[in-house]
Amino acid sequence: MLSAFQNIFRIPELKRRLLFTMGMLAVFRLGSFIPTPGIDTHALRAFFETGTKGVLGLMDMFSGGAFSKFSIFALGIMPYISTSIIFSLLTVVIPQLEQLSKEGEMGRKKINQWTRYATVLICVFQSLAISIWLQSQSFEGMPLVINPGVGFYLLTMLTLTTGTIFLMWIGEQITEYGIGNGISLLIFAGIIDRIPQAFTGTFKLLKIGQLSLFIAIFIGAIALLTIVGAVFIEQGVRKIPVQYAKHIVGRKVYGGQSTYLPLKVDMSGVIAVIFAMSVFMIPTMLAKIIPLQFLKTFAGWLESGNIFYTLIYAPLIIFFCYFYNAIVFNPLDVAENMKRYGGFVPGIRPGRPTAEHIDWILTRITLIGAVGVAVIAIVPDMIQGKFNIPFSFGGTALLIVVGVALDTMKQIESHLLMRHYEGFMKKGRLIGRATRF
């Protein structure tokens, strides 16, 4: 593996892409420390140090700590992801959007353009709601907003909306000119940035005796098992045997070889987890903003470790795993392409019977993968909620980190193998997927 990392810098294009990605991520991290005007940063820091669990902790985690600092990137990239979910759902139910999505590159560009416009509207609404909520908060008698009023609302809306749109642009630039999926890497960088803080907080608790060594080792073991389980599910594949018939063209014989169709156990990967979390955060964020008692009660039910948290979050993950498969994978198209080139599954008739056979297998292995992802995302959070851990770094965060890391390594390995360099693994290859938002 060490030689593979050395080979990265021997390929000019790969080196350029990697440095470009690192530069864009550095810009993202730098912007996370630039505060929004009109905020008392000392009172704000003390306010968030009293507790950032629940929806506040999730928003802070996905923004890479920018929300607790209320920086120009406080909203993070989640508004764009939420908008992408909305348009993905609308594409299924609205025939005009479905037809537009099938018109090739021009249709997808049009939908992406509408997604960007809708992202601006969502950012304006979220930034206004957060500014109203923030203006009503104080810490030990000190207001968090220095100069409250309409001016603060307008300035916050402009700053946070512009910050999210800039992050969206950075993500698209990384996807096009860098390595990996830019949107996923922004979330990945934000989560990774919290690891040193997590270790520091854990050692401080161990030093003052608030956290026992046994519990710390137990939490570390759970995190390690979560990573192993995430890698196992991400790399899991069901191979469907495919046989190609022989055909003669002139004096040459083509076909006749045996191969297989790989179906990933977790085809959606990190996308389903991010989608489920973005939807999960909407009602809890509204409960923080709107001062109604039943909303606050509902938000309390959705705290990590609560039974309602499990009953809502787990089905959301399973739903988005199936939803992603329905959007990106069409068994009928796969079966028709196999039939066109003389391929068939042994014992299954070509055409629609083959499509039904593939769909039958995909439905069952997706259930295994979706349940596995839900368990990995929820169980560490439930265990972590029972102990006094100074950071929010549970199963959801680990799933995202592992999934994005595997995707990025797969793209790097593809560049290395294409230029006859050894990849990261001597036996086997990393199995990736086309990640898109």
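## Helix packing and a small sheet

The axes of helix H12 (residues 213–235) and helix H18 (residues 395–418) come within 9 Å of each other and cross at roughly 45°. The model in which this packing is seen is a predicted one. Angles from 35 up to 65 degrees fall between the roughly parallel and the roughly perpendicular classes, and H12 and H18 are therefore oblique to each other. The crossing in which H12 passes H18 is right-handed.

H18 also packs against helix H10 (residues 182–192), at an angle of about 125° and with the two axes 9 Å apart. That angle makes H10 oblique to H18, and the sense in which H10 passes H18 is left-handed. The two packings that involve H18 are set out below.

| Helix pair | Axis separation | Angle | Crossing |
|---|---|---|---|
| H12 and H18 | within 9 Å | roughly 45° | right-handed |
| H10 and H18 | 9 Å | about 125° | left-handed |

H18 itself has 24 residues and reaches 34 Å from its first C-alpha to its last, which is close to the 34 Å expected at 1.5 Å a residue. Of these 24 residues, 17 are buried, so H18 is largely enclosed by the rest of the structure.

### Helix H11 and its two sides

The 14 residues of helix H11 (residues 195–208) should span 20 Å at 1.5 Å a residue, and the C-alpha atoms at its ends are indeed 20 Å apart, so the expected and modelled spans agree. Within H11, the residues Ala-198, Gly-201, Thr-202 and Leu-205 are buried. These four cover an arc of only 100° around the axis, which puts them on the same side of H11. The other side of H11 carries Phe-199, Phe-203, Lys-204, Lys-207 and Ile-208, which are exposed. Just after H11, Gly-209 takes a positive phi of about 85°.

### A positive phi at Phe-70

A positive phi also occurs in a residue other than glycine, namely Phe-70, where the value is near 50°. Phe-70 is placed in the loop between helix H5 (66–69) and helix H6 (78–93). With a relative accessible area of 2%, which is under the 20% cut-off, Phe-70 counts as buried.

### The three-stranded sheet

An open sheet is formed by 3 strands in the order S6-S3-S7, with antiparallel pairing. Its edge strands are strand S6 (258–264) and strand S7 (343–344), each of which pairs on one side only.

Strand S3 (residues 237–244) is joined to S6 by 7 bridges, and these two strands run antiparallel. Along this pairing, Val-237 of S3 stands opposite Lys-264 in S6, while Ile-240 stands opposite Leu-261 in S6. The pairing of S3 with S7 is likewise in the antiparallel sense and extends over 2 bridges. Here Tyr-244 stands opposite Gly-343 in S7. For the reading of side-chain directions, in a regular strand the side chains alternate between the two faces of the sheet.

How values were computed. Residues numbered from 1 in each chain as written. Predicted model: local features only at pLDDT ≥ 70, side-chain atom pairs only at ≥ 80, totals over all residues. Heavy atoms only, no water. Pairing = 2+ DSSP bridges. Expected span 1.5 Å × (residues − 1). Buried < 20%, exposed > 50% of the residue type's maximum accessible area, 1.4 Å probe, protein only. Arc of directions from axis to C-beta. Axes fitted to C-alpha atoms, helices over the stretch in contact; angles between N-to-C directions. Parallel < 35°, antiparallel > 145°, perpendicular 65-115°, else oblique. Left-handed = near helix turned anticlockwise from the far one by under 90°.
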